[in-house]
Amino acid sequence: MDTRKTVITAIAVIVVFGWSAAMAAMGHATVLAPLAPVLGLTVQQVARALRPPATAPGPASGRRVAPVPDAGDGAR
């Protein structure tokens with residue numbers, strides 16, 4: 001994984017969670033509560049960014065398959 005990408009991701013995580021910890025420490029729970037889903041999404045996105053990319057699955061048998069027509073191609 002790219003070192004620069006890791007550093008930027010780590011900085012973003014520190015900023016987001018530092019900000020939310022500061023808000024909670026100052027007693028702004030009513031402001032912080034609606035933002036909980038955003039924090040959860042941030043965790044999910046960071047975890048996804050740090051995972052190595054998955055390889056795309058290829059055809060199982062290696063043979064070509066005829067395309068199936070769409071509704072716009074005259075299919076019933």
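Begin by selecting Val7, Ile11 and Val15, which together form a nonpolar patch on the surface of this predicted model, and show their surface, since the three residues share about 260 Å² of accessible area. Keep Ile11 highlighted and extend the selection to its helix, α1, which covers residues 3-25.

With α1 selected, place a distance between its first and last C-alpha: the helix has 23 residues and reaches 32 Å, close to the 33 Å expected at 1.5 Å a residue. Then move beyond the end of this helix to glycine 27, which follows α1 and has a positive phi, near 85 degrees.

Now turn from the surface patch to the covered positions of the same helix. Which residues of α1 are buried? Select Thr9, Ser20 and Met23, the buried residues of α1, and then display their surroundings, where the cover includes α2, at residues 29-32, and α3, at residues 36-50.

Two alanines of α3 make useful next stops. Select alanine 36, which lies in helix α3, and draw a C-alpha to C-alpha distance to serine 20; the two residues are 16 apart in sequence and 9.2 Å apart in space. Is alanine 36 buried or partly exposed? Because its relative accessibility is 43%, and buried would require a value under 20% while exposed would require one over 50%, alanine 36 counts as partly exposed.

Continue along α3 to alanine 49, which is also placed in that helix, and draw the corresponding distance to threonine 9: these residues stand 40 apart in sequence, yet their C-alpha atoms are 8.0 Å apart in space. Alanine 49 has a relative accessible area of 25%, and is therefore partly exposed. Serine 20 and threonine 9, the partners chosen for these two distances, belong to the buried residues of α1.

Next, zoom out and colour the protein chain by secondary structure, which shows three helices and zero strands, arranged from the N terminus on as α-α-α. Switching to a surface view of the protein chain, you are looking at about 6,500 Å² of exposed area, of which carbon and sulfur atoms supply 66%. Buried residues make up 9% of the 76 residues in the chain.

Finally, colour by pLDDT before drawing conclusions from any of these views. The mean for the protein chain is 74, and 79% of its residues reach 70 or more. Among the elements, α1, where the tour began, has the highest mean pLDDT, at 81, whereas α2 has the lowest, at 73.

Terms used
Residues numbered from 1 in each chain as written. Predicted model: local features only at pLDDT ≥ 70, side-chain atom pairs only at ≥ 80, totals over all residues. Heavy atoms only, no water. Helix = DSSP H or I, 4+ residues; strand = E, 2+ residues; numbered from the N terminus. Buried < 20%, exposed > 50% of the residue type's maximum accessible area, 1.4 Å probe, protein only. Areas by Shrake-Rupley, 256 points an atom, 1.4 Å probe, with all protein chains shown as cover. Patch = residues over 30% accessible without salt bridge, like charges linked within 9 Å, V, L, I, M, F, W, Y side chains within 5 Å. Salt bridge = Lys/Arg side-chain N within 4 Å of Asp/Glu carboxyl O. Expected span 1.5 Å × (residues − 1). Contact = heavy atoms within 4.5 Å. pLDDT = per-residue confidence, 0-100.
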